Amino acid sequence: MTGFLRSELTAEECAFLDSAAAFSRATVAPNAAAWERERRQPVEALREAAALGLLRLETPKDASGLGHRYMVKLALCEEMSRADMAFAFSLVNTQNVAARLAFSATARHREEHVPALMSGEIFGATALSEPGAGSDFSAIRTSATKTDGGWRLDGEKGWITNAGIADLFITYVQTDPAAGWRGIACFLVDARRPGFRRAEPYALMGGHAIGAGGFTLENYLAPEDDMLAGPGDAFKLAMKGVNGARVYVAAMCAGLLASSLETALAYGAARKTFGKSLLEHQGLNWSLGDVANDLEALRGLTLHAGRLIDSGEDAVMAAAHAKKFAGRVTLPRIADCIQSMGATGLREEHGLARHLACAKIAAYTDGSTEIMNDRIGAGLLKTYGPD
Ligand SMILES: Cc1cc2nc3c(=O)[nH]c(=O)nc-3n(C[C@H](O)[C@H](O)[C@H](O)COP(=O)(O)OP(=O)(O)OC[C@H]3O[C@@H](n4cnc5c(N)ncnc54)[C@H](O)[C@@H]3O)c2cc1C
């Protein structure tokens, strides 16, 4: 199976994707199990990816980036997740920070940080979640207090991708608890400055290449121009950006599922029971048919949402549908692929157990499956509810 988004891309975009796919086959796929066993983020492989330009993806050309459109990012996410979604997720998080800072009003952010992020010299992260606030983003408690010439930041962030390796954190904080979401602002936090303390990355059931962990800010002094978005704007910007993230997580799930199905089909064609191949047994054939059916539906929802984002149209509902469907089907359908391979499906070398853990992670990141339900329900209420 080739990437389902390939037909959306130009020849030049396909060539970029081909080089990413070759890197993924040569470096990510053969090493992902070891990264998982060692519970570590492969900084060396992230730097190799940077050398191929993967961290320059969306940064505009006039800032030495590649200036690719959203559909290319989507295709890259799908392609790389076939080998390891955790690696792809970590990579994309740094590229997101580079692309975001390329639009910063501050020359220092653009000139000092963007080249270092794109080259993989340093890594980036985006920190909304806290130990006490995940889905309910407006309940964050990390505080920003005005000082002479800047702001003092105090609090704790948790469940942040790349927290173990990042130097730059786009960090959301509360300037006025009484104002709720309207009080939330966004700062660039530099881990090399005083007042920043990194926690150990979490030990998880899988997905360690994501490097999820936390950090504490204690009397961290941020200069005025490190405020990337002020109260009122920051929350709206985060909500706008999250649609893109939801759809690329759905594309990553499509990559996980496609890779799992391919593995199960290859095994099922070769393995014989009761005198014929596993695939010739209707019970098993239909089970994998169900996997293929859900994969096609997931691809369709992802493609639809991706096209809306690329053309700048409202993608709130389409993104929620794609992410919700991904969260609902990827985990059980990967389990079906494992089941179809018998006990062999559990073996590390097939990668399906790794994919299973990542499918579970995908059901939380950038809005959980339940929050997608909430979004879809709110949309229905708005259109069909009582006046
Ligand atoms: C590997 C990993 C990487 C992550 N990376 C990042 C990152 O880079 N940056 C970042 O900011 N965050 C990150 N997150 C955090 C992620 O965004 C949160 O896990 C997510 O928002 C859910 O929050 P929570 O885990 O605190 O669950 P909670 O908000 O405590 O929710 C617990 C459960 O209740 C459900 N729930 C909550 N509210 C409702 C409701 N109103 N109705 C019905 N059900 C509800 C949730 O869906 C969930 O199942 C990451 C998480 C993981 C696992």
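Helices are taken here as DSSP runs of H or I with at least four residues, numbered from the N terminus. Ala29 belongs to one of them, helix H1. The structure is a predicted model, and the description below starts with its ligand site before turning to the strands, the helices and a few backbone details.

The ligand is a good place to begin. Its shell holds 17 residues, and those that come nearest are Ser129, Ser135, Trp159, Ser368 and Glu370. Two of these five also make polar contacts through their side chains. In Ser368, a polar side-chain atom sits 2.5 Å from an oxygen atom of the ligand. For Glu370, the distance between a side-chain N or O atom and a ligand oxygen is 2.6 Å. A nitrogen atom of the ligand is engaged as well, with an N or O atom of the Thr161 side chain at 2.8 Å. On its own the ligand has 970 Å² of accessible area, and the protein covers 66% of that. Three elements each contribute two or more residues to the shell, namely strand E1 (124-127), strand E3 (150-160) and helix H9 (369-384).

The make-up of this shell is mixed. By residue class, 8 of its members are nonpolar, 7 are polar and 2 are charged. The shell also draws on two domains, with at least three residues from domain 2 (124-231) and at least three from domain 3 (235-384).

Strand E3, one of the contributors to the ligand shell, can be followed outward into its pairings. With strand E2 (residues 143-147), E3 forms an antiparallel pair over 5 bridges. Within this pair, Ser143 stands across from Asp154 of E3. The E2 and E3 hairpin leaves 2 residues between its strands, and Gly149 adopts a positive phi near 80° there. E3 also pairs with strand E7 (residues 213-223), again in the antiparallel sense, this time over 8 bridges. Here Lys157 has Phe215 of E7 as its bridge partner. E7 in turn pairs with strand E6 (residues 196-198) in the antiparallel sense over 3 bridges, and Arg198 stands opposite Phe215. Phe215 of E7 is thus a handy landmark for tracing the strands, with Lys157 as a bridge partner and Arg198 opposite. As a general point for anyone viewing these strands, side chains in a regular strand alternate between the two faces of the sheet.

The helices offer some pairs that are far apart in sequence. Helix H1 spans residues 11-38 and includes Leu17. Leu17 counts as buried because its relative accessible area is 3%, below the 20% limit for that class. From Gly3, Leu17 is separated by 14 residues in sequence and by 9.6 Å between C-alpha atoms. Ala29, also in H1, has 40% relative accessibility and is therefore classed as partly exposed. Its C-alpha atom is 4.7 Å from that of Ala83, although the two positions lie 54 residues apart along the chain when counted as sequence separation.

A second pair links helices H6 and H7. Gly283 is part of helix H6 (residues 282-310), while Ser340 is part of helix H7 (residues 316-340). Their C-alpha atoms are 9.8 Å apart, for a separation of 57 residues along the chain. Are these two residues buried or exposed? Ser340 is buried, since its relative accessible area is 5%, whereas Gly283 is exposed, with a value of 60%. The side chain of Ser340 also reaches the backbone oxygen of Cys337, at 2.8 Å.

Finally, two residues merit a look for their backbone angles. Most residues other than glycine have a negative phi. Ser64, which is not a glycine, nevertheless has a positive phi of about 65°. Ser64 lies in the loop between helix H2 (43-51) and helix H3 (70-101), and is partly exposed because its relative accessible area is 49%. Phe274 is likewise not a glycine and has a positive phi of about 50°. The loop that holds Phe274 runs between strand E9 (272-273) and strand E10 (276-277). At 81% relative accessibility, Phe274 is classed as exposed, as this value is over the 50% limit.

Notes:
Residues are numbered from 1 along each chain as its sequence is written. This is a predicted model: local features need pLDDT of at least 70, side-chain atom pairs count only at pLDDT 80 or more; totals for chains, interfaces and linings use all residues. Side-chain values use heavy atoms; hydrogens and water are left out. A residue is near a molecule or strand if one of its heavy atoms lies within 4 Å of it. A polar contact is a pair of N or O atoms within 3.5 Å; within protein, one must be able to donate a hydrogen and the other to accept it, and residues adjacent in sequence count only if both atoms are side-chain atoms. Accessible areas come from the Shrake-Rupley method with a 1.4 Å probe; for residues, only the protein chains shown count as cover. Ala, Val, Leu, Ile, Met, Phe, Trp, Tyr, Cys and Pro count as nonpolar, Asp, Glu, Lys and Arg as charged, and the others, Gly among them, as polar. Domain bounds come from an automatic or database domain assignment. Two strands pair if DSSP finds at least two bridges between them. Buried means under 20% relative accessible area, exposed over 50%, partly exposed in between (1.4 Å probe, protein chains only).
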